[in-house]
Amino acid sequence: MEGLPTTIPLLLLRNIITSFFIHADKFLLNLGKRYRILNSLRYILVSTFFFLLQFFPSHENSKNNRDTNKKIPVVGNYPGDTGISRALAQLLWTMNDVPVSSRKYEVVRTLSEKVVNDNLSECHARLDEINVVVLSAAFSRTLLQLENRVAIVEDDSVHEIIEGSKGNFNKLSRVTRAVWYCFEAAWSRMGMSEVNRCGKSAEKLAAEVLWLAQKLAQCGNVEEAVERWGSANKLAWLALSAEPRLQCSLVKVSVFLLKQAKETGNDKEDDEGNRECQKQTKIKLLMSWLPLLCRATNGTDTPLLSFSEKAEVEKALEEIIEALSTEEQEQILALWLHHYVHCPTSDWPNLQDCYSRWCNSSRRLLILQ
């Protein structure tokens with residue numbers, strides 16, 4: 001598009017490059033079934049691609065990028081200094097750690113919900129604050145765990161590709177083999193060779209992220225969850241190649257927080273700085289998760305969203321986008337168009353009307369100049 005500002009976030013470029021790689025990888029995968037040498041070439045490209053992305057910045061000034069370098073908080077680092085705050089923190093931390101297959105998981109989940117609801121029922125400012133502070137801390141911790149888990153699953157997939165390709169390298173040149181072993185050594189040094197035996201736990205963590213976001217909304221303080229989910233651009237990028245069931249779980253979180261984001265930043269009593277901050281949060285949310293909405297499958301068991309739910313989300317997306325400036329709308333709609341067109345298995349979200357209205361608005365601005 002003409003006039004695309006030079007300050008477009010690097011996330012847009014990263015998503016487009018990733019999309020190109022995904023299509024190229026599928027093409028090589030199909031050819032590799034017939035030509036073994038192309039199969040080897042694919043393994044080299046996969047390794048190179050993931051290795052280089054470690055050094056590619058994902059978003060300017062992203063708060064989440066700083067957070068991902070931190071260790072996940074341990075159970076002792078709960079906020080607050082009262083018995084009820086410590087109890088709620090312990091319950092939420094324990095919920096992360098107990099396998100969903102355990103019969104004790106539902107006990108912990110039920111107790112957590114009861115404590116939150118009982119705090120709310122008292123209508124006491126201190127208890128309301130405890131709910132918000134502890135739930136926010138749990139949301140941040142669970143989100144970081146989810147990102148780490150998905151990253152390990154993705155790294156495992158690449159490692160399996162590396163291991164499976166060794167037999168094809170006997171026919172390659174010494175130089176090629178040397179380059180390959182350098183990449184393999186680099187992966188090993190970065191800890192990428194660890195075998196993940198708990199891949200399904202990513203779905204569990206995604207479900208807990210959604211539950212925590214819903215509880216924060218119930219407590220009237222979902223803005224931080226929206227901001228942190230929008231800043232989770234690394235997780236959003238990894239989600240594009242995740243298994244369908246996990247993609248569905250992540251879409252459900254994104255859909256819920258998008259609907260929540262639509263309601264923020266509309267209070268005329270807010271100062272200009274706060275409204276601008278909330279607007280930037282919405283932009284990050286769209287830039288990070290709109291590609292997954294376009295590309296996620298319907299899952300393996302049931303449809304991801306009903307027809308009415310899809311229509312509701314499309315309306316929310318349109319309202320968020322059309323509240324932005326013309327240049328900001330261009331960024332979002334350019335990203336949507338790229339992923340929408342290049343995903344043959346999905347026709348959602350359909351923002352064609354929104355795109356047409358933006359074109360009309362841009363056309364009018366040009367005429368008035």
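Mentor: Let's start with a rule: a helix is expected to span 1.5 Å times one less than its number of residues. Keep in mind that this model is predicted.

Trainee: How do you know what span helix 15 should have?

Mentor: Helix 15 runs over residues 352-368, which is 17 residues, so the rule gives an expected span of 24 Å. The C-alpha atoms at its ends are 24 Å apart, so the two values agree.

Trainee: Which residues of helix 15 are buried?

Mentor: They are C354, Y355 and W358. Around the axis they cover an arc of only 100 degrees, so they sit on the same side of helix 15. On the other side, D353, R364, I367 and L368 are exposed. The buried residues pack against helix 13 (307-322) and helix 14 (326-341).

Trainee: What makes C354 count as buried or exposed?

Mentor: Buried means under 20% relative accessible area. C354 has 0%, so it counts as buried. C343 has 8%, so it is buried too.

Trainee: Why is C354 not called part of a disulfide?

Mentor: A disulfide needs two cysteine sulfur atoms within 2.5 Å. The closest cysteine sulfur to that of C354 belongs to C359 and is 9.9 Å away, so it is too far for a bond. The structure holds zero disulfides. C343 is in none either, with the nearest cysteine sulfur, that of C294, 7.4 Å away.

Trainee: What makes K279 and E328 a salt bridge?

Mentor: The cut-off is 4 Å between a side-chain nitrogen of Lys or Arg and a carboxyl oxygen of Asp or Glu. For K279 and E328 the closest N and O atoms are 3.1 Å apart, so the pair meets the definition. K279 is in helix 12 and E328 in helix 14, so this pair ties together parts 49 residues apart in sequence.

Trainee: Which residues are linked in a network of salt bridges?

Mentor: E276, K279 and E328 are. K279 also pairs with E276, where the closest N and O atoms are 3.4 Å apart. Those two both lie in helix 12 (residues 272-295), three residues apart, about one turn of the helix. E328 is buried at 13%, whereas K279 is partly exposed at 22%, as is E276 at 36%.

Trainee: How many salt bridges does the structure hold?

Mentor: There are 13. One of them joins E312 and K259, with the closest N and O atoms 3.8 Å apart. E312 is in helix 13 and K259 in helix 11 (residues 244-262), so this pair links distant parts of the chain, 53 residues apart.

Terms used. Residues numbered from 1 in each chain as written. Predicted model: local features only at pLDDT ≥ 70, side-chain atom pairs only at ≥ 80, totals over all residues. Heavy atoms only, no water. Buried < 20%, exposed > 50% of the residue type's maximum accessible area, 1.4 Å probe, protein only. Helix = DSSP H or I, 4+ residues; strand = E, 2+ residues; numbered from the N terminus. Arc of directions from axis to C-beta. Contact = heavy atoms within 4.5 Å.
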